[in-house]
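Trainee: I am new to this structure and would like to go through it piece by piece. Can we start once it is on the screen?

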Amino acid sequence: MSVPFTTAVVTGASRGFGRAIAAALVAAGTHTLGIARDEQELRAVQADLGNAFSPIPGDATDETLAQNVIHEHRPTLLVLNAGATPHMAPVHHQTWETFTRNWQVDTRHVFTWIRAALREPLPPGSVVVTMSSGAALGGSPLSGGYASAKAASRYISTYANDESTRADLDIRFVALFPQLTPQGAGSTGVDGYAAREGVDRDTFIARLQPILTPDQVAKAVMEATRGNAAEYRLTGTGLHQISR
Ligand SMILES: NC(=O)c1ccc[n+]([C@@H]2O[C@H](COP(=O)([O-])OP(=O)(O)OC[C@H]3O[C@@H](n4cnc5c(N)ncnc54)[C@H](OP(=O)(O)O)[C@@H]3O)[C@@H](O)[C@H]2O)c1
């Protein structure tokens with residue numbers, strides 16, 4: 001499968017969805033710059049994928065990092081996937097710090113990179129994919145801060161599309177809303193909701209069938225970059241366009 005991107009940036013590329021997305025991009029011939037804080041994990045990805053994957057260790061919320069990477073490497077695809085693991089607790093058992101954890105990482109990094117993408121700007125024809133979550137559509141009573149952080153990321157992507165159109169930039173902004181999975185950032189969610197419902201982890205996971213896998217997420221990202229829609233739900237059965 002080939003995509004028309006010479007250089008891409010994937011945030012949160014060291015594991016989970018981001019690693020699978022980076023692997024799919026490299027397989028499609030795209031030089032992929034992977035960002036995460038843990039340098040060793042990024043080096044392990046490079047050992048696996050080869051030199052078409054360049055590790056950039058750093059905090060994805062860092063404005064200077066975003067500006068420099070965009071300015072120096074001129075990527076035409078950004079996949080804004082980095083995210084913190086949510087703190088699972090009902091709203092009255094959260095503190096402001098735990099409730100806003102995903103605002104500080106997920107939303108802040110989406111804001112930072114999209115702002116830089118519009119201000120530089122990225123070359124015409126570029127695409128920016130934001131990894132929101134199904135929680136942004138349906139809410140998440142045990143991680144309300146997560147659901148609202150992902151809803152804010154959705155709006156930032158929508159506003160960016162408007163600004164791109166107004167300034168005739170020809171940059172497309174796409175938001176994806178994956179369903180809950182038992183891996184990565186979703187694992188604590190599965191444990192939290194299983195406990196809340198009084199069932200064991202395996203029973204809860206059985207309800208999520210068909211499970212969305214990182215490889216499916218990677219395939220969906222590639223598909224979404226070629227589509228026309230601004231928003232897609234992403235489940236174990238594939239991409240589903242959201243019309244608003
Ligand atoms: N898994 C699910 O069920 C699910 C469902 C819907 C949406 N999502 C969303 O999909 C995305 C990926 O999820 P995942 O399950 O693959 O997560 P994951 O396995 O926990 O991986 C998170 C990635 O983000 C990086 N990261 C975290 N904070 C960062 C920061 N400040 N700067 C740079 N990198 C940072 C991590 O690396 P370092 O820690 O080394 O920085 C890691 O590479 C997240 O945005 C998540 O909210 C996940």
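Trainee: Which residue in β3 is the bridge partner of I35?

Mentor: Keep in mind that this is a predicted model. Strand β2, residues 31-36, and strand β3, residues 53-57, run parallel and are joined by five bridges. The bridge partner of I35 in β3 is I56.

Trainee: Through which helix does the chain cross from β2 to β3, and is the crossover right-handed or left-handed?

Mentor: The path leaves β2, passes through helix α2, residues 39-49, and arrives at β3. A crossover counts as right-handed if, with the strands pointing away from the viewer, the path from the first strand over the helix to the second runs clockwise. This β-α-β crossover, through α2, is right-handed.

Trainee: How far apart are the end C-alpha atoms of helix α10?

Mentor: Helix α10 covers residues 214-226, which is 13 residues. At 1.5 Å a residue, α10 should span 18 Å. The distance in the model agrees with this, because the end C-alpha atoms are 19 Å apart.

Trainee: Which elements do the buried residues of α10 pack against?

Mentor: The buried residues of α10 include P214, V217, V221 and T225. Also among them are Q216, A218, A220, M222 and A224. They pack against α1 (16-27), β4 (77-80), β5 (127-131), β6 (172-178), β7 (231-235) and β8 (238-241).

Trainee: Which element gives the most to the largest nonpolar core?

Mentor: The largest nonpolar core has 61 residues. Those with the most contacts inside this core are I21, V79, V128, V129 and L176. The element that gives the most to it, with eight residues, is α1.

Trainee: How many residues are in the second, separate core?

Mentor: Nonpolar side chains tend to be buried together in soluble globular proteins. Here a second core is separate from the largest one, and it includes M88, V190, Y193 and F204. Its number of residues is six.

Trainee: Which residues is L176 in contact with, leaving aside its neighbours within four places in sequence?

Mentor: L176 is one of the residues with the most contacts inside the largest nonpolar core. Two of its contacts, A220 and A224, are also buried residues of α10. The full list for L176 is V129, M131, S132, A220, A224, Y232 and L234.

Trainee: Which residue in β7 stands opposite P178?

Mentor: β6 and β7 pair in the parallel sense, over four bridges. P178 stands opposite a residue of β7, and that residue is L234.

Trainee: What is the bridge partner of R233 in β8?

Mentor: β7 and β8 pair in the antiparallel sense over four bridges. They form a hairpin, with two residues between them. In β8, the partner of R233 is H240.

Trainee: Which element gives the most to the shell around the ligand?

Mentor: The ligand is surrounded by 31 residues, and the closest are G12, G16, G83, G184 and G186. At least two residues of the shell come from each of α1, β2 and α5 (101-119). The element that gives the most, with three residues, is α1.

Trainee: Is D200 buried or exposed?

Mentor: D200 is found in the loop between α8 (187-197) and α9 (201-206). A residue is exposed if 12 or fewer other C-beta atoms lie within 10 Å of its own. D200 has 11 other C-beta atoms within 10 Å, so it is exposed.

Trainee: What is omega for the cis peptide bond that joins E120 and P121?

Mentor: P121 is found in the loop between α5 and β5. A cis peptide bond joins E120 and P121, and its omega is about -15 degrees.

Trainee: Where is P210, and what is omega for the peptide bond from Q209 to P210?

Mentor: P210 has its place in the loop between α9 and α10. The peptide bond from Q209 to P210 is cis, and omega is near -10 degrees.

Trainee: What is the phi of R74?

Mentor: R74 sits in the loop between α3 (63-73) and β4. R74 is partly exposed, with 13 other C-beta atoms within 10 Å. Although R74 is not a glycine, its phi is positive, at about 50 degrees.

How values were computed. Residues numbered from 1 in each chain as written. Predicted model: local features only at pLDDT ≥ 70, side-chain atom pairs only at ≥ 80, totals over all residues. Pairing = 2+ DSSP bridges. Expected span 1.5 Å × (residues − 1). Buried ≥ 20, exposed ≤ 12 C-beta atoms within 10 Å, placed from the backbone. Contact = placed C-beta atoms within 7 Å. Core = buried A, V, L, I, M, F, W, Y, C linked by C-beta atoms within 7 Å. Near = placed C-beta within 6 Å.
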